[in-house]
Amino acid sequence: DVYKRQVSTQSTWGRNILNMVLEATMIIMDNSAYARNGDFMPNRWEAQQDSVNNLANSKLQGNPENTVGLMTMGGKRVETLLTPIQEMSKVLACFHKIQLGGTIQFSSALQIAQLALKQRLNKNLKQRIVVFVASPITEDENTLVSLAKKLKKNSVAVDVVNIGEQSDEQINKLNKFVETVKNQDNSNFINVAPNVQILADYLLQTPIFGGAGAANIGDDFGMYDTSDPEIAEVLRISLEEERERRRRQEEEQKRQEGGEPQQKPAEAAENKPTPQLEQAAQQQQQQPQQPQPAQPIEEEDLENLDEEELLRRAQQISLQETQQGQIQEEETQKQGKQPTQQANEQFQDAEFMRDIINQFPDVDPNNPAIKEALEKLQKQNEKKDEGKK
């Protein structure tokens, strides 16, 4: 049975290859506020994305010369995202740039799409517009009929997919529009009711995908049998995985453009410090910082240091020892001067510095540089004493 099914799908694929046509296609998406409705899984907008993904892939695989463009007709104005090209990756890259909101401009979008198709490089490509409508049409029937006649005159085929909006006025206007623009059954009107869960699967079985590559939506060999429920299930899973992949890609891009995304409420609650942690942090801030213990000077280092460096390091060691002693005294008596103040006063005493220098056997107290430094210190002390008097 599996062999027969493969032979059957290969035959169908072969017949579709023979029926392929050269086409330049402009796809118009409805990104109005109505596209947020969740009557299609997961909503009308993401259902459109999956369908456009399949449709663009079908057109481009149908013939190597085919081209696909992309437009939106909601928001503040009609926007042309892509003129007809042959690169599927650029079509997918446009989805995350589209913002939802506003109302659609159906007539303006079709006129702009016609101009884009008119500028196609390969004039042998037939012109086709596929428009997804997920919100009410504001134009009256006469305006749509007049527009349809112009499109027909310029040999532009139009496929209209009506999603969710099931009012009689909406269906009648769109049906009348397609019947007017149709030339030898080259245009189609597809009305999709909300009870259809997966829009992309439903459209695969419609004339929009017929002939120009319906067989190309399946595996890598272009075989797809829509009547097989197992293959349909595989396709559904594949579409869900693709949607999840695109969501992660958009999040990653937003993270790179605007920094890390904000934490979810649950994550923020988990990361919020508890009262115990806040109290411990406050106690730690109130505790005085302990100075680092003095590092002993190795004998081999003393031999390599000059006289000025030895004097500087002796001052550093004495300062650290003084700070440690003063902190201990402050903890027990809770009074006295600040450690750094007392240390500075001691270092202003020339006799105190001579005692420190004499503790180093390798330091010559008669060195001219040391003598000069001590003399300057002695003179400073004398000036201070005179100022106090």
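**Close-up 1. The buried residues of helix H6 in this predicted model.** Let's start with what helix H6 tucks away: Gln170, Lys173, Leu174, Phe177, Val178, Thr180 and Val181 are its buried residues. Looking down the axis of H6, you'd find these buried residues within an arc of 165°, so they line one face of the helix. In general, an α-helix has 3.6 residues a turn, so residues three or four places apart point the same way.

**Close-up 2. What the buried residues of H6 pack against.** Two helices take part here, H4 (106–118) and H5 (141–153). The buried residues of H6 also pack against strands S4 (126–133), S5 (156–163) and S6 (188–192).

**Close-up 3. Helix H6 from end to end.** H6 covers residues 168–181, which makes 14 residues. At 1.5 Å a residue the helix should span 20 Å, and its end C-alpha atoms are indeed 20 Å apart, so the two agree.

**Close-up 4. Thr67 in strand S2.** Strand S2 takes in residues 67–72, and Thr67 is found there. Is Thr67 buried or exposed? Its relative accessibility is 10%, so Thr67 counts as buried, the cut-off being under 20%. Setting aside neighbours within four places in sequence, Thr67 is in contact with Glu23, Ala24, Thr25, Leu60, Pro84, Ile85, Gln86 and Leu125.

**Close-up 5. The second largest cavity.** The model has two cavities of 30 Å³ or more. The second largest has a volume of about 30 Å³. Which residues line the second largest cavity? They are Met41, Ile198, Arg236, Leu239, Glu240 and Arg243. Sorted by type, this lining has three nonpolar residues, three charged ones and no polar ones.

Technical notes. Residues are numbered from 1 along each chain as its sequence is written. This is a predicted model: local features need pLDDT of at least 70, side-chain atom pairs count only at pLDDT 80 or more; totals for chains, interfaces and linings use all residues. Side-chain values use heavy atoms; hydrogens and water are left out. Helices (H or I, at least four residues) and strands (E, at least two) are DSSP runs, numbered from the N terminus. The expected span of a helix is 1.5 Å times one less than its number of residues. Buried means under 20% relative accessible area, exposed over 50%, partly exposed in between (1.4 Å probe, protein chains only). The arc is that of the directions from the helix axis to the C-beta atoms. Contact means heavy atoms within 4.5 Å. On a 1 Å grid over the protein atoms alone, a cavity is a set of points where a 1.4 Å probe fits but cannot get out, and a pocket is an open set with protein on both sides within 12 Å along at least five of seven lines; lining residues have an atom within 4 Å of a point. Grid points are joined across faces, edges and corners, and a volume is the space filled by probe spheres set on the points. Ala, Val, Leu, Ile, Met, Phe, Trp, Tyr, Cys and Pro count as nonpolar, Asp, Glu, Lys and Arg as charged, and the others, Gly among them, as polar.
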